[in-house]
Amino acid sequence: MGVADAPSGPRPDSGPTGPGHAHWLRVARESADDLATDAVAREQAGKPPLDEVSRLREAGLLTLLVPAGSGGGGADWTTAYAVVREIAAADGAIGQLLGGHYFLAWSARLLGDPSRAARLERRHAAEQWCWGGGLARQDASLTLTRARGGGHVLDGRQGYSTGVLVADRLVVRAVRADTGEPFAVVVDPAHDGVGTGGDADTFGQRLAGGGSVEFDSVPVAADDVLGSLSADEDILSPATALASPVGRLLSVQLRLGMAEGVLAEAREYSRAGHTARPAGSGQDPQVLAAYGELAVLTRSASALTDQALEAVRGGLARGADLTYDDYADISVLVAMAEAASARAAHESTARALDIVGARSASSRLGFDRFWRNARTHTLYEPVAPGSATSGTTSSTARIRRSSCPPERRPSIMRTPPWGERRLLPRSLATR
């Protein structure tokens, strides 16, 4: 894509269990360049992204987070974030699809027991699955009922979920009919009782493979119930709650990718002299000033994101030793990065149209797709709540959880991420 990369923290060039960060970043850039060649035509056609998923599969990106010993890429979340950002710079919708895929495929490791997760990961790698769905709370919950002879039966309808139109496996939130406890469930969308509908009508992110899903008496084996999504503090550990900032940081990388992508494309267009007036050339002081302002905005958001990424990486490394105070501190940094990246994406994609000038209105050039994609995303992930979370939580994150009664705890400690639709950002999960 030719994006001028900002530093993104330490990047290991190789790893003992996989090709390493540098390899996958190179693969991501090659895939992004490939997607960029026909991005405008594909976005305007608005077809389910079956071909795009095939490209990601052929590049080996679908199994990036699967351990090398299970047949995957053996990469870590630092690499996955970088890959999503590169892909989003070329195509924001495919970046969203890939980010949701990574999170949902990883949920087996987060919520399930290690042996079950290992079995799923081996099949995922062998069959090159693409994952879709979402774990956010729905107004009308899916129902999980005990079946005669063992196992469960899944019924209900889930609203818009990313990737369901192209997924080989779905991960959804379902509530036990007898206890009311919510669980994460894996479902094969090829089952006769599963029906997907491409009823999404958004003006942006049209290639994210989103739609609704209906389940009619779909059998669910015991192994396909990954784990509880309960809000009970005896069940929700800090390490499990860390899923929220992990997922939200995917949204941050998506926004930054779109911001960097539109600036790179507008810059190349201006340098080539394709302007409606001499004042729009790449040497115009106003154009240069606008580029500079947007570059500072994007680089600043990138710097905050680097801090959040390091915090998330440290939290994942601590595992069961993570405390609620640690989790709160990590969430503060991610919330700050969310607010900064949302502003960078919104302003960069909007002001890039002014930089290009009247020709940016041409549907043939497709500059509007960046703005439509970013705006669709930020409508579902507005800036203000992120800023409020940063301000409120930063002043209370150091309150020791053990000395603070539940009703007085900061909301980031009191409510689990899936209780506020935050296990995965709305645009990456369900709407």
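Let me start with helix α5, where there is a kink of about 25 degrees, centred on A105. Before going further I should say that this is a predicted model, so please take everything that follows as a description of that model. The helix in question, α5, runs over residues 92-111 and has 20 residues. From its first C-alpha to its last it reaches 28 Å, which is close to the 28 Å expected at 1.5 Å a residue. As for its surroundings, α5 is mostly covered, with 19 of its 20 residues buried.

Next, the helix pairs, and I will take α9 and α10 to begin with. Helix α9 covers residues 285-318 and helix α10 covers residues 324-356, and their axes come within 8 Å and cross at roughly 155 degrees. Since angles over 145 degrees count as roughly antiparallel, α9 and α10 are therefore roughly antiparallel to each other. The crossing of these two helices, α9 and α10, is left-handed. If you ask what kinds of residue make up the contact of α9 with α10, the classes are 18 nonpolar, six polar and six charged residues.

The second pair is α8 with α11. Helix α11 spans residues 368-380, and it packs with α8 at an angle of about 160 degrees, the two axes lying 10 Å apart. Here again the cut-off of 145 degrees applies, and α8 and α11 are therefore roughly antiparallel to each other. The crossing in which α8 passes α11 is left-handed.

Staying with α8, which covers residues 243-271, I would like to point out two of its residues. One of them is P245, whose place is in helix α8, and P245 is buried, with a relative accessible area of 0%. Which residue, 83 positions away along the chain, has its C-alpha 9.7 Å from that of P245? That residue is A328, and the separation of 9.7 Å is between the C-alpha atoms of P245 and A328. The other is R248, also placed in helix α8, and this arginine is buried as well, with a relative accessible area of 4%. R248 and A337 are 89 residues apart in sequence, and in space they are 9.4 Å apart, C-alpha to C-alpha.

A further arginine to look at is R85, which lies in helix α4, residues 77-90. Is R85 buried or exposed? With a relative accessibility of 9%, R85 counts as buried, because the cut-off for buried is under 20% relative accessible area. Its C-alpha atom and that of R29, a residue 56 positions away along the chain, are separated by 9.8 Å.

Let me move on to strand β7, residues 211-220, and to the loop that comes before it. In the loop between β6, residues 194-197, and β7 we find Q205. The phi of Q205 is near 50 degrees, a positive value in a residue other than glycine. For those who are looking at the surface, Q205 counts as buried, at 1% relative accessibility.

Within the strand itself, S217 lies in β7, and S217 likewise has a positive phi, of about 50 degrees, although it is not a glycine. The setting of S217 is partly exposed, with a relative accessible area of 43%. Also found in strand β7 is V220, and V220 counts as buried at 3% relative accessibility. Where along the chain we look for a partner, V220 and A147 are 73 residues apart in sequence and 9.0 Å apart in space, C-alpha to C-alpha.

To close, I would ask you to keep two things in view as you turn the model. The two helix pairs, α9 with α10 and α8 with α11, are each roughly antiparallel. And of the residues with a positive phi that I have mentioned, Q205 is buried, whereas S217 is partly exposed.

Methods
Residues are numbered from 1 along each chain as its sequence is written. This is a predicted model: local features need pLDDT of at least 70, side-chain atom pairs count only at pLDDT 80 or more; totals for chains, interfaces and linings use all residues. Side-chain values use heavy atoms; hydrogens and water are left out. Axes are lines fitted to C-alpha atoms, for helices over the stretch in contact, and angles run from 0 to 180 degrees between N-to-C directions. Helices (H or I, at least four residues) and strands (E, at least two) are DSSP runs, numbered from the N terminus. Angles under 35 degrees count as roughly parallel, over 145 as roughly antiparallel, 65 to 115 as roughly perpendicular and the rest as oblique. A crossing is left-handed if the near helix is turned anticlockwise from the far one by less than a right angle, and right-handed if clockwise. Ala, Val, Leu, Ile, Met, Phe, Trp, Tyr, Cys and Pro count as nonpolar, Asp, Glu, Lys and Arg as charged, and the others, Gly among them, as polar. The expected span of a helix is 1.5 Å times one less than its number of residues. The bend at a residue is the angle between axes fitted to the seven residues ending there and the seven starting there. Buried means under 20% relative accessible area, exposed over 50%, partly exposed in between (1.4 Å probe, protein chains only).
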